[in-house]
Each structure stands twice: as C-alpha cells, then as structure tokens.
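Colleague: Thanks for making time for this one. Could you walk me through the ligand site first, and then the overall fold?

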Amino acid sequence: MIMRPFNAADTDAVVQLWTDCGLTRPQNNPLVDIERKLAVQPELFLVGTVQDAVMGSIMAGYDGHRGWVNYLAVSPEHQGAGFGRRLMGEVERLLLKRGCPKVNLQIRAGNERAIAFYRALGYAADEAVSFGKRIIPD
Ligand SMILES: CC(C)(COP(=O)(O)OP(=O)(O)OC[C@H]1O[C@@H](n2cnc3c(N)ncnc32)[C@H](O)[C@@H]1OP(=O)(O)O)[C@@H](O)C(=O)NCCC(=O)NCCS
C-alpha cells in the first residue's frame, strides 16, 4: 500500500470505499464532507492505494488541542492485512509533527470490530460522553 494525500480525482473511489465499508450515513453527504476537508488541513486527508487503486482512507485534523481521526476505512478485500494500522501510524506521525499531544476518535455504537482494532493500537475508551450538535444540515 502506498499512502499519499487525497486528490480530487480520488473522489468517486473514496465515496465508493466509504459505502463499501458502511461509513456513509444519510445525515452526512460524503461529497460535502470531502469539499470541507479540502479547505481545512487537506494534507491530513490520506488515501491508501494498491496498484494505483484506492483501497484505504483516513481523514485527520489538529485543532490546536487534540488531533481527530475520521473516515478510517480499508476496503473489505484488504482488511486484516495491517493496512489500517499503517494508516493510523502515518496520521499519528503527521499529528505528532505538529505538536499534537493526544488523538481522539469516535466509534459508532456497535462497531465491535473497530473497537477491537483501536484497542490493538493502544487506544482506550475515555471517561467521557460524546456530545455533538449539527449546525449546518446537509
Ligand atoms: C477498522 C478497520 C479500518 C481496520 O483496518 P484493518 O486493515 O482491517 O486492520 P489491521 O489489519 O491493520 O489490524 C490491526 C490490528 O487490529 C486488530 N484487529 C483488526 N480487526 C480486528 C477484529 N475484527 N477483531 C480483533 N482484532 C482486530 C488486529 O489484531 C491487528 O493487530 P495485529 O496487527 O497485531 O494483528 C477496517 O476493518 C475497516 O475499514 N472497517 C470498516 C470501516 C470502519 O469501521 N472504520 C472505523 C470507523 S471508527
């Protein structure tokens, strides 16, 4: 797998990847999510490719206090081969380079596989309840 920043030509492949990985939700328009990310720290939005085909993605950001990770995905046929670990490792490296002291992420309730994956990478549940409020309906 080669990891590199997302570019606009990857859009269709990335949306397909997110669909195949069950990451899309009616309240999130993936095309709008991509457009917003390209305006803010686009260098922290990476894709993974195998033989030039997009099979992985990760979208990260540093807000000056915490780093955040979203849209981590490895296509089903490539899962379990260490690519998710490598994508997380690369983003941790890029966040660390910016002085980011801690990485946060949210896992949808019931995504047991992702919970096991993040635990294997040294992540643990924080003593916190995650709240959110949408301020732009897509
Ligand atoms: C979660 C996801 C990104 C993991 O990527 P992956 O490439 O399959 O994971 P890796 O092969 O890098 O696994 C890394 C470690 O996690 C652990 N792990 C992965 N899947 C696991 C599972 N189902 N059960 C237990 N442990 C698991 C492995 O033990 C592995 O450790 P090892 O390297 O010591 O063997 C991938 O399964 C995926 O895209 N899932 C669908 C989308 C999703 O849920 N994304 C996360 C949103 S929060």
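Modeller: Happy to, and please keep in mind that this is a predicted model.

Colleague: Great. Which element gives the most to the shell around the ligand?

Modeller: Let's start from the elements that give two or more residues to that shell, which are β4 (67–74), α3 (83–97) and α4 (112–120). Five residues of the shell come from a single helix, and the element that gives the most is α4.

Colleague: Nice. How do the residues of the shell divide into nonpolar, polar and charged?

Modeller: There are 19 residues around the ligand, and Leu72, Val74, Gly80, Gly82 and Asn111 come nearest. Sorted by class, the shell has two charged residues, six polar ones and, for the nonpolar class, eleven.

Colleague: What is the distance from an oxygen atom of the ligand to a polar backbone atom of alanine 81?

Modeller: Polar contacts here are pairs of N or O atoms within 3.5 Å. On the side-chain side, an N or O atom of glutamine 79 is 3.4 Å from a ligand oxygen, and for arginine 113 the corresponding side-chain distance is 3.3 Å. With alanine 81 the partner is a polar backbone atom, and its distance from a ligand oxygen is 3.2 Å.

Colleague: How much of the ligand's exposed area does the protein bury?

Modeller: The contact of arginine 113 with a ligand oxygen uses an N or O atom of its side chain. Taken alone, the ligand exposes 920 Å², and the share of this that the protein buries is 72%.

Colleague: And where does the ligand sit?

Modeller: Among the pockets of this model, the one holding the ligand is the largest pocket.

Colleague: Now the fold: why can the chain be called as compact as a globular protein of its length?

Modeller: The chain has four helices and five strands, in the order β-α-α-β-β-β-α-β-α from the N terminus on. For 138 residues the globule rule gives 14 Å, and the chain is as compact as a globular protein of that length because its radius of gyration is close to that, at 14 Å.

Colleague: Last one: roughly what box do the C-alpha atoms fill?

Modeller: Taken along the principal axes, the box is roughly 40 × 35 × 30 Å.

Note on methods
Residues numbered from 1 in each chain as written. Predicted model: local features only at pLDDT ≥ 70, side-chain atom pairs only at ≥ 80, totals over all residues. Heavy atoms only, no water. Near = heavy atom within 4 Å. Polar contact = N/O pair within 3.5 Å; in protein donor to acceptor, adjacent residues only side chain to side chain. Areas by Shrake-Rupley, 256 points an atom, 1.4 Å probe, with all protein chains shown as cover. 1 Å grid on protein atoms, 1.4 Å probe; cavity = no way out; pocket = protein on both sides within 12 Å on 5 of 7 lines; lining within 4 Å. Sits in = over half its atoms within 2 Å of the grid points. Nonpolar A, V, L, I, M, F, W, Y, C, P; charged D, E, K, R; others polar. Rg over C-alpha atoms; globule rule 2.2 N^0.38 Å.
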